[in-house]
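Hi,

Here is the structure I said I would pass on. Have a look at it first, and my notes follow underneath.

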Amino acid sequence: MLDNMKEKTILVTGGTRGIGKSISELFALKGGTVIAIFRSDKLSAEHCINSLRGSGHQAKQVDITIPEAIDDLWRQIEKDGITVDMVINNAGIGFHHPVDQVSYTEWQKGFSDIIQTNLIAASNMCYHAVQHMRKNGGGKIINISSRGAFRGEPLMPAYGASKAGLNALTQSLAQQLAPHNIYVGAIAPGFVETDMARDRLLGDVGKGIKAQSPMNRVAQPEEIAEATYLMACGNMWMTGAIIDVNGASYMRT
Ligand code: NDP
């Protein structure tokens, strides 16, 4: 079992804000070199990279919904002679599109945008990570899923579907890739206090969400980073695991 990230390079999508930023911070603190992918928020990206412990970290602007951009990213990684040991598929989006309140066009947009980012882009990132890791003797892929995959997401049905799909992808790849010494697992958080959830955590709705946990609160991004780190340190026998990190707000059996 690993107990630090020394001499490891970790690629984190959405690695400069929210949960991804906390993951980048923790993995750098543990001695790893971070490649953090962001889409548009350059200021947060620069700030995040400059604040990471250690040296050699980089932020790369890649819209992961563009398959060719993911191709270019990995081509550049190979050209630079970098060996990526871990990929953390964390980037994700979510917005409301309840079936009884939106137009057919809005409904379709919900599904196409959310599935494209949360599932298809993650699958494309996995494809390239696998080709890279096979050449280098193995690696780890950790997908940041969601409690919503199990509990349902009535206001964001495409989000729940995307995360259920991500879980199924995790399990399929874990089986296919174990012979190649490539670990694949997922972390399934409940609500986390980031930009994505901030609006929903305000007022009475927010109180109700917090009350879902017996600790009467939601997670801080650092807590999800710690769970991700735990998985990153885990042994190969843990491959295929989907770990709930939701403050006992939703128990599945
Ligand atoms: P944030 O909205 O705070 O951050 C999202 C990150 O993803 C940003 O860094 C953003 O880049 C990046 N991103 C989004 N789209 C793209 C894209 N097309 N290409 C590249 N990067 C992109 O989200 P959270 O930190 O809250 O969420 C992180 C993950 O955790 C997501 O997968 C989410 O589904 C999951 N999760 C979150 C929960 C929550 O309550 N917050 C609960 C359960 C799971 P940029 O900074 O440039 O915009």
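Which exposed residues does α3 carry on the face turned away from its buried side? They are E68, R75 and K79. Before you read on, please keep in mind that this is a predicted model.

Since we are on α3, let me stay there for a moment. The helix runs over residues 67-79, 13 residues in total. At 1.5 Å a residue it should span 18 Å, and its end C-alpha atoms are 19 Å apart, so expectation and model agree. The buried residues of this helix are A69, I70, L73, W74 and I77. Around the axis they cover an arc of only 135°, which means that they sit on the same side of α3. And what lies over them? The cover includes the strands β1 (9-13), β2 (33-38), β3 (58-61) and β4 (86-89), together with the helix α4 (104-135). After α3 comes G81, and the phi of G81 is positive, near 70°.

Now to the ligand, which I suspect you will want to look at anyway. There are 30 residues around the ligand, and those that come nearest are R17, S40, N90, Y159 and T194. Three of these have polar contacts you can pick out on screen:

- S40: a polar backbone atom is 2.7 Å from an oxygen atom of the ligand.
- N90: here too a polar backbone atom is 2.7 Å from a ligand oxygen.
- T194: a polar side-chain atom lies 2.4 Å from an oxygen atom of the ligand.

On its own, the ligand has 910 Å² of accessible area, and the protein covers 97% of that.

Which helices help to build the shell around the ligand? At least two residues each come from α1 (18-29), α6 (157-177) and α7 (195-198). The largest share belongs to α7, with 3 residues.

One last residue to click on is T194. You will find T194 in the loop between β6 (182-189) and α7. Is T194 buried or exposed? T194 has a relative accessible area of 10%, and a residue counts as buried under 20%, so T194 is buried. Leaving aside residues up to four places away in sequence, T194 touches G18, I19 and P221.

That's what I have for now. Shout if anything is unclear.

Cheers

Note on methods
Residues numbered from 1 in each chain as written. Predicted model: local features only at pLDDT ≥ 70, side-chain atom pairs only at ≥ 80, totals over all residues. Heavy atoms only, no water. Helix = DSSP H or I, 4+ residues; strand = E, 2+ residues; numbered from the N terminus. Expected span 1.5 Å × (residues − 1). Buried < 20%, exposed > 50% of the residue type's maximum accessible area, 1.4 Å probe, protein only. Arc of directions from axis to C-beta. Contact = heavy atoms within 4.5 Å. Near = heavy atom within 4 Å. Polar contact = N/O pair within 3.5 Å; in protein donor to acceptor, adjacent residues only side chain to side chain. Areas by Shrake-Rupley, 256 points an atom, 1.4 Å probe, with all protein chains shown as cover.
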